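Let's take a walk through this model, starting in the middle and working outward. Keep the viewer open as you read.

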Amino acid sequence: MLIDWLTLRILLDSNLGQNLFDRILDCLNMTVCVDAEGNEKWRKHALDIDKLRSDSQGIYWSITADGQGQRYFTIGASPASIEHEGLNVFGSCDIEHCATVLIEHAGRALKAILPDWTHWQCRRLDITANYDMGNSAQVKQALRLLLGTDAPRRRTNSDKQGGDTVYWNPASDLQAGKAYHKGSHLRMMCRKGNLLLDDETLELADNLLRLELKLGARWFRRYEQEQGDDWHTLTEYELTEIHHKFFYALIGGGVEVHYMGILLIELEKVA
């Protein structure tokens with residue numbers, strides 16, 4: 001289990017330091033992408049960070065507003081990708097560690113010391129689990145069965161390798177789910193030149209079914225209102241349980257999906 005994407009924001013005011021404040025304001029109405037070395041790759045007008053895929057390379061920042069006149073400096077990235085040279089197969093599920101990775105990386109790119117994670121708000125978190133199905137055929141069989149599950153507002157598409165990606169509530173800012181074949185995905189990234197991986201790594205990834213859950217801005221606003229807790233108090237155990245609960249409902253309610261040996265059996269029952 002790992003945190004595969006994190007979006008954080010902090011109130012944009014002069015407390016950040018006047019020089020940094022002015023530099024960030026230069027990016028008004030833009031989203032800026034920085035690579036792992038801190039070099040700017042591109043900047044685009046009015047791109048929504050939370051519409052970026054969790055496999056987007058680098059770290060992104062922009063200025064966002066809350067509709068009440070407050071402006072925020074917002075950063076987003078895959079902590080695993082930053083730590084492991086673009087490869088996000090495995091990573092940490094420690095929310096404080098992942099937040100620190102993003103904040104320190106953004107600080108290096110901006111040549112500034114940013115406030116630590118206790119001063120930031122979280123507005124998106126993707127929790128991801130890998131399931132070793134034994135071989136590529138088993139992964140594709142699981143995806144075919146997931147296509148047949150009775151889930152609301154589901155849409156699907158197929159990649160060039162023939163493996164289906166299954167989406168649940170893809171446009172939701174509360175919770176959204178996705179299942180796909182990690183091996184096919186990494187091979188596609190390599191073909192595009194975004195990654196350079198050895199054959200052994202690709203062959204191991206061919207066995208992996210990936211289940212991703214996105215917790216969006218509305219989920220965090222609701223959590224803060226109902227729980228009265230800060231986002232950084234969420235433990236690895238709690239995040240794992242949130243992930244399991246979402247996918248239990250799709251796979252049949254009672255199945256422990258983290259036991260990979262019975263995943264296909266339970267999917268076959270449901271489908």
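**Starting from the core**

Start at phenylalanine 73, bearing in mind that this is a predicted model. Setting aside its neighbours within four places in sequence, phenylalanine 73 is in contact with Leu8, Arg9, Ile10, Leu12, Ile24, Trp61, Ser62, Leu110, Leu114 and Trp120. Phe73 also belongs to the largest nonpolar core, a set of 60 residues, where Phe73 and Leu125 have the most contacts inside the core. The element that gives the most to this core is helix H3, residues 95-110, with 9 residues. As a rule, nonpolar side chains in soluble globular proteins tend to be buried together. Another core, of 8 residues, lies apart from the largest one, and Met189, Leu195, Ala205 and Leu208 are among its members.

Now follow H3 itself. Which of its residues are buried? They are Ile95, Cys98, Ala99, Val101, Leu102, Ile103, His105, Ala106, Gly107, Ala109 and Leu110. For reading a list like that, it helps to remember that an α-helix has 3.6 residues a turn, so residues three or four places apart point the same way. The helix length checks out too: at 1.5 Å a residue, the 16 residues of H3 should span 22 Å, and the end C-alpha atoms are 23 Å apart, which agrees. At the N-terminal end, aspartate 94 acts as a cap, with a side-chain oxygen 3.0 Å from the backbone nitrogen of glutamate 96. Just after H3, at the other end, lysine 111 takes a positive phi of about 55°.

While you're around H3, have a look at the cysteines. How many disulfides does the structure hold? The count is 0. Take cysteine 93: the nearest cysteine sulfur belongs to cysteine 98 and is 7.2 Å away, so with a cut-off of 2.5 Å between sulfur atoms the two don't qualify as a disulfide. Cysteine 93 counts as buried because its relative accessibility is 4%, below the 20% limit. Cysteine 122, at 0% relative accessibility, counts as buried as well.

Next, the charged pairs. Searching the whole structure turns up 7 salt bridges. One of them joins the side chains of arginine 210 and aspartate 4, at 3.4 Å from N to O. That pair links distant parts of the chain: arginine 210 sits in strand E10 (residues 208-215) and aspartate 4 in strand E1 (residues 2-11), 206 residues apart. Are these two partners buried or exposed? Arginine 210 has 0% relative accessibility and counts as buried, and aspartate 4, also at 0%, counts as buried.

Stay on E10 and you'll find glutamate 212, which forms a salt bridge with lysine 178, the closest N and O atoms being 3.7 Å apart. Here the link runs from strand E10 to lysine 178 in strand E9 (residues 175-181), 34 residues apart. Both glutamate 212 and lysine 178 are buried. Through shared salt-bridge partners, Asp4, Lys178, Arg210 and Glu212 are joined into one network.

One last pair to visit is glutamate 224 and arginine 123, whose side chains meet in a salt bridge at 3.3 Å, N to O. Glutamate 224 is in helix H7 (residues 217-227) and arginine 123 is in strand E6 (residues 121-132), so this bridge too links distant parts of the chain, 101 residues apart. The two ends have unlike surroundings: glutamate 224 counts as partly exposed at 28% relative accessibility, whereas arginine 123 counts as buried at 9%.

Definitions and conventions. Residues numbered from 1 in each chain as written. Predicted model: local features only at pLDDT ≥ 70, side-chain atom pairs only at ≥ 80, totals over all residues. Heavy atoms only, no water. Salt bridge = Lys/Arg side-chain N within 4 Å of Asp/Glu carboxyl O. Helix = DSSP H or I, 4+ residues; strand = E, 2+ residues; numbered from the N terminus. Buried < 20%, exposed > 50% of the residue type's maximum accessible area, 1.4 Å probe, protein only. Core = buried A, V, L, I, M, F, W, Y, C linked by side-chain atoms within 4.5 Å. Contact = heavy atoms within 4.5 Å. Expected span 1.5 Å × (residues − 1). Polar contact = N/O pair within 3.5 Å; in protein donor to acceptor, adjacent residues only side chain to side chain.
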